[in-house]
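I opened this entry to follow the charged side-chain pairs first and the strand and helix packing afterwards.

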Amino acid sequence: MYRVKEYVIPKSIEECANLLQKNKRSRLIAGNLFLRMTSADIPLAIDLSGCGLDYIREESDGTLRLGAMCSLRTLETSPLLRRYCGGIISRSVGEIIGTQFRNLATVGASVFSKYGFSDVITPLLACNARVRLFAQGELTLEAFLKQPRTRDLLVEIILPAGNAAGAFSNFRNSKGDFSLLNVASVRTETGYRIAVGARPMCAALAYGAMEQLARDPAAVSLAARTAAEELCFGSNMRASAQYRRQLCAVLCQRTLIETNEV
Ligand SMILES: Cc1cc2nc3c(=O)[nH]c(=O)nc-3n(C[C@H](O)[C@H](O)[C@H](O)COP(=O)(O)OP(=O)(O)OC[C@H]3O[C@@H](n4cnc5c(N)ncnc54)[C@H](O)[C@@H]3O)c2cc1C
């Protein structure tokens with residue numbers, strides 16, 4: 001359990017960001033589900049719930065904006081996201097723990113924390129999402145995942161316009177556990193994007209497999225094997241790297257077949 005000296009609920013993002021920068025040991029609080037499992041002395045806890053970041057907005061050009069404080073349950077049930085890229089973002093979160101949990105856990109915390117086990121980062125990466133950070137501004141999710149951790153505030157996630165086909169699949173040993181691996185694939189007019197996450201490292205794109213499909217969209221099993229060969233996998237208490245590699249080929253093939261069926 002952590003101990004908080006002062007708890008504030010600012011009314012603006014600017015105020016939250018200023019407080020975060022002023023006090024180097026302060027912490028942002030979103031759904032408070034992960035944070036509550038840590039043990040720390042926090043001089044200033046900055047609750048993000050008063051800043052109006054709980055929104056899903058569609059721009060006139062079809063771009064979608066997901067506020068950082070959107071709960072996973074909101075992503076799961078949003079009609080806009082259920083239609084977007086085969087509903088892969090909604091599908092990726094629907095099995096996480098339980099409804100009450102998903103009502104609290106937020107997309108901003110999941111993405112900003114770059115959790116290796118994350119189910120939601122994988123489809124966001126496949127959809128070519130961008131992130132907007134308060135200090136750093138806008139950048140691709142891929143670039144954000146690769147950069148070292150900074151002290152910043154994730155404001156929103158931006159999804160490009162377009163009606164792409166997509167699929168998501170993952171594998172858990174049991175309900176309520178983390179995914180051993182997850183895969184999301186998207187097909188647009190410009191080609192395929194395949195993201196593999198919970199390796200157990202954070203999601204990454206399978207560039208070799210994507211290039212193979214650009215040359216031959218029917219080469220699904222070859223692309224799936226290429227993805228399994230080109231990406232790094234690690235071992236932990238849930239599965240070995242070798243097991244994950246085999247699983248990757250299977251899940252990639254499944255998602256690509258489903259993506260091509262649409
Ligand atoms: C028991 C358990 C099981 C889980 N299982 C899964 C799973 O199977 N799949 C999955 O994908 N996820 C899983 N998660 C993770 C979960 O989905 C959330 O990602 C996690 O709870 C963090 O969300 P939160 O809103 O509770 O963040 P908090 O606990 O409030 O914050 C987590 C961290 O993010 C920082 N933060 C919060 N919001 C922002 C922001 N906007 N900008 C910058 N920093 C920010 C906080 O300062 C803190 O350091 C699990 C979590 C728990 C506790």
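I began with arginine 172, which in this predicted model is buried at a relative accessible area of 17%. I looked up its partner and found that the side chain of arginine 172 meets that of aspartate 119 in a salt bridge, 3.1 Å from N to O. This pair links distant parts of the chain, 53 residues apart, with aspartate 119 in the loop between helix H6 (107-112) and helix H7 (121-126) and arginine 172 in strand E9 (residues 165-172). Aspartate 119 has a relative accessibility of 6%, so I entered it as buried too, the cut-off being under 20%.

I then turned to arginine 132, whose salt bridge with glutamate 156 has its closest N and O atoms 3.1 Å apart. Here strand E6 (residues 130-133) supplies arginine 132 and strand E8 (residues 154-159) supplies glutamate 156, a pair 24 residues apart that again links distant parts of the chain. Arginine 132 is partly exposed at 31% relative accessible area, whereas glutamate 156 is buried at 2%. I noted further that salt bridges with shared partners join Arg132 and Glu156 with Glu59 and Arg65 into one network.

Next I checked arginine 91, which forms a salt bridge with glutamate 258, the closest N and O atoms lying 3.1 Å apart. Because arginine 91 sits in helix H4 (residues 88-93) and glutamate 258 in helix H11 (residues 241-261), the pair ties together parts that are 167 residues apart in sequence. I recorded arginine 91 as partly exposed, at 35% relative accessible area, and glutamate 258 as partly exposed, at 30%. My count of salt bridges came to 11.

I went from the charged pairs to the sheet that contains E9, and asked in what order its strands run. The sheet is open and has four strands, ordered E9-E10-E11-E12 with antiparallel pairing. Its edge strands are E9 and strand E12 (204-205), each of which pairs on one side only. Within the sheet, strand E10 (residues 179-188) pairs with strand E11 (residues 191-197) in the antiparallel sense over seven bridges, and I found valine 186 standing opposite arginine 193 in E11.

Lastly I looked at which helices lie against these strands. Helix H9 (residues 207-215) lies across E11 and E12 and runs at about 155 degrees to E11. H11 packs on the sheet as well, touching E9, E10 and E11, with its direction at about 30 degrees to that of E10.

Technical notes:
Residues numbered from 1 in each chain as written. Predicted model: local features only at pLDDT ≥ 70, side-chain atom pairs only at ≥ 80, totals over all residues. Heavy atoms only, no water. Salt bridge = Lys/Arg side-chain N within 4 Å of Asp/Glu carboxyl O. Helix = DSSP H or I, 4+ residues; strand = E, 2+ residues; numbered from the N terminus. Buried < 20%, exposed > 50% of the residue type's maximum accessible area, 1.4 Å probe, protein only. Pairing = 2+ DSSP bridges. Contact = heavy atoms within 4.5 Å. Axes fitted to C-alpha atoms, helices over the stretch in contact; angles between N-to-C directions.
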